[in-house]
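This report describes the contact between two protein chains. The sequence and model are shown first.

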Amino acid sequence: MVFIATITRRIFSRNDNRRWFGDSDGKVYHRSTRIVAVSGDVADGSIDRSCAIGRKWGGKLEIGSFVWPRWLSASILGTFLAFFPVAVGTLRGLTSSPAAAVELMSSYAASWRQTLFKLRFPAAVPFLVPALKLGASGAVVGVVVAEISTGLKGGIGRLIIEYAREATGDPAKVFTAVFGAAALGLTMSGLVALFDSYLMRNRPKETST
Amino acid sequence: MSAAANISAVEVNGASKIFNSGTANQVDALLDVNLTIAPGEFVSLIGPSGCGKSTLLRLIANLLEPTQGEISVNGKTSAQARLDQDYGMAFQQAGLFDWRTVSKNIELPLELKGWDKKKRESRAAEMLDLVKLQDFGNMYPWQLSGGMQQRVAIARALAAHPPLLLMDEPFGALDEMTREYMQGELLRICAETSTTVVFVTHSIPEAVYLSNRVVVMSPRPGRILEIISVNLGSKRSELTRAADGFFKSITAVREALRGTHAQHVASTAIRGAEDR
């Protein structure tokens with residue numbers, strides 16, 4: 001009974017346990033500062049600015065002296081989408097060295113580092129390149145999507161929103177931005193393909209992708 | 001380069017190897033193996049699949065630790081011998097690195113030893129001469145035929161001039177003609193470099209043609225059943241393959257193997273009866 005009561009209280013009092021608060025001015029406060037802020041309100045009718053750690057919702061954050069630039073949200077989302085294909089591909093590549101080759105290296109009493117640089121990294125290249133291709137196009141998608149949702153100026157995502165608003169007047173216009181995004185994605189994976197043909201120039205052609 | 005001649009190249013004393021010891025799938029790979037190999041000797045290990053001949057080779061190479069017993073190579077422990085690169089190794093798959101040229105593949109063990117570039121290159125050229133691939137140094141392994149790749153692998157194994165060469169069915173994936181040619185080449189190379197060889201094979205004629213002694217092994221648990229000396233002289237050629245002594249030795253090895261085979265069948269038959 002006590003347990004259920006505790007749970008119930010937890011659920012109903014959840015609002016008061018919020019860590020972050022925003023006020024009508026768009027200022028963001030941490031839970032620990034609320035009492036001060038409230039008491040400041042009561043004392044002189046203004047909010048104690050020194051305790052505010054964020055300025056606005058929507059991509060504007062201050063952490064100490066570091067001001068979060070608007071483009072950083074977009075590049076973090078791009079990085080995030082590129083990270084997993086590349087990480088998984090690299091891991092698979094690094095563990096792909098044939099057992100016989102690993103045995104050969106240990107028969108030469110090669111150190112861990114020597115095995116890594118002389119065997120594992122070169123053997124990982126055929127796995128890394130397709131991963132980089134996925135990562136490059138994924139990063140473009142991530143950045144465009146982030147630009148759409150944050151409305152970052154000067155980006156393709158922003159253009160898509162702006163041109164979409166004019167879609168009733170000029171339906172073709174929005175496609176210019178969409179094709180621009182597609183072209184950017186293709187360019188990125190094209191660059192990776194060039195890098196690939198450089199790295200794999202001396203390898204048997206069957207294994208290259 | 002090696003120490004005094006009275007130190008044996010390989011000495012295996014009462015070596016046993018048990019995999020997954022104490023569990024349900026325990027495998028007694030080797031049981032109480034004793035083997036002494038003199039410097040300059042060519043010894044083949046032969047036996048049916050799963051008789052532990054590759055395991056014995058890996059014990060000598062210190063790629064596996066024996067469960068029991070001692071192994072010394074060149075008068076050192078096998079672990080020290082591995083650290084000193086006292087042996088070279090060649091496997092059934094040539095195992096060359098695709099991203100390195102033939103020369104660079106041969107230089108690999110020398111790089112790991114920290115030799116400087118000039119010394120490495122001259123040694124690689126010397127080894128390419130030895131295996132008669134002078135013109136192929138700048139090509140990539142995948143541009144060569146299987147036999148050529150295997151010759152590069154032998155050159156790589158011998159690049160640091162180790163006194164001992166360990167080979168695990170190196171010609172197993174080659175066609176019969178290439179195989180016979182490679183056997184002749186191997187004998188020539190070993191004679192030129194006076195290398196001791198331990199050679200694992202499935203093929204009776206191959207074992208007899210190459211070896212001074214053939215070690216016949218039995219499966220589960222792997223034991224040495226018989227060691228057969230082959231008296232075909234030190235100079236062997238294609239004529240050796242037609243000699244009487246060649247066929248006599250082949251028959252001797254075959255009978256030794258048959259013995260193991262008959263025993264093996266008998267023991268499983270009895271076990272089968274018990275199960276029922």
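How many salt bridges are there between chain B and chain A?

## Salt bridges and polar contacts

The count between chain B and chain A is 2 salt bridges, each a side-chain nitrogen of Lys or Arg within 4 Å of a carboxyl oxygen of Asp or Glu. One salt bridge joins the side chains of B:Glu111 and A:Lys118, at 2.8 Å from N to O.

Across the interface, 7 residue pairs are in polar contact, both residues at pLDDT 80 or more. A polar contact is a pair of N or O atoms within 3.5 Å; within protein, one must be able to donate a hydrogen and the other to accept it, and residues adjacent in sequence count only if both atoms are side-chain atoms.

## Basis of the model

This is a predicted model, in which local features need pLDDT of at least 70, side-chain atom pairs count only at pLDDT 80 or more, and totals for chains, interfaces and linings use all residues. Residues are numbered from 1 along each chain as its sequence is written, chains are lettered from A in the order in which they are written, and side-chain values use heavy atoms, without hydrogens and water.

## Extent of the interface

Chain B contributes 21 residues and chain A 19 residues to the contact (heavy atoms within 4.5 Å). Together the chains bury about 1900 Å², with 65% of it on carbon and sulfur atoms; this is the accessible area (1.4 Å probe) lost on being put together, summed over both. B:Trp99, B:Leu112 and B:Trp142 supply 34% of the area that chain B buries against chain A, more than any other three residues.

Note on methods: Buried area is the accessible area (1.4 Å probe) that two parts lose on being put together, summed over both.
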